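Hi there,

Here is the structure I promised to pass along. Have a look at it first, and then read on for what turned up.

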Amino acid sequence: MKAISFWVGFAACASLTVVLFAQSGSSTRNGVYTNDQAAQGQAIYTQQCAMCHGPSLAGSGQTPALAGPVFLKNWIGQTVGDLSSKLQATMPATSPGSLKPDQVSELVAFILKSNHYPAGKTKLPSDSASLNNIHFEAPGR
Ligand code: HEC
């Protein structure tokens, strides 16, 4: 009897783990962008964003930082899709909606790199279904 309830419990835990894993998707710690992509994002950032958000993404006055503890506190628990759609809809503040989906992903790659998330071998996609599966987690351990 003990053995049976052990195995029932074990099976229940194992399937729960599978479900949780499927729901949790990927994390910003898993190398979800490439260095090339971040470099392209940096070039756009320098032209279109640095005048407000600052050359080192530190922000100033009304303009929020895009790197560092305050930014991360805002975003941990949300998804990269949330950040991408906010960026696409509201930035650059002078011309919202003017960025192409690929440019948004390049900018997000640059923002991830600036927050010390590791680069990987696969580009950050630009479709919202994939982006909504990548969760912000605290960088490093
Ligand atoms: C004219 C100044 C200005 C420019 C140019 C600008 N921003 Fe912003 N940005 C702001 C302000 C002000 C806010 C805060 C208002 C808000 O959240 O809607 C903001 C908010 C943001 C946020 C949300 C931050 C958060 O934690 O919620 C992101 C991401 C962002 N900007 C990225 C960019 C990127 C990338 C560019 C370049 C393509 C850019 N911005 C260009 C002024 C600007």
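How do the residues of the shell around the ligand divide into nonpolar, polar and charged? There are 12 nonpolar, 7 polar and 1 charged. Please keep in mind that this is a predicted model.

Staying with the ligand, 20 residues surround it, and those that come nearest are C49, C52, M91, P92 and A93. Several helices take part in this shell: α3 (50-53), α4 (69-75) and α5 (80-90) each supply at least two residues. The largest share comes from α5, with 4 residues.

Two other places may interest you as well.

One is S56, which you will find in the loop between α3 and α4. S56 counts as exposed because it has 12 C-beta neighbours inside 10 Å, and a residue with 12 or fewer is classed that way. S56 is 11 residues from A67 in sequence, and their C-alpha atoms are 8.1 Å apart in space.

The other is A109, in helix α6 (residues 101-114). Here the count is 26 C-beta neighbours inside 10 Å, so A109 is buried, the cut-off being 20 or more. Which residues is A109 in contact with, leaving aside its neighbours within four places in sequence? They are Y33, Q37, A38, G41 and L124. Of these contacts, Q37 is worth a look in your viewer: Q37 and A109 are 72 residues apart along the chain, yet 6.3 Å separates their C-alpha atoms.

Happy to talk it through whenever suits you.

Best wishes

Definitions and conventions: Residues are numbered from 1 along each chain as its sequence is written. This is a predicted model: local features need pLDDT of at least 70, side-chain atom pairs count only at pLDDT 80 or more; totals for chains, interfaces and linings use all residues. A residue is near a molecule or strand if its C-beta atom, placed from the backbone, lies within 6 Å of it. Ala, Val, Leu, Ile, Met, Phe, Trp, Tyr, Cys and Pro count as nonpolar, Asp, Glu, Lys and Arg as charged, and the others, Gly among them, as polar. Two residues are in contact if their C-beta atoms, placed from the backbone, lie within 7 Å.
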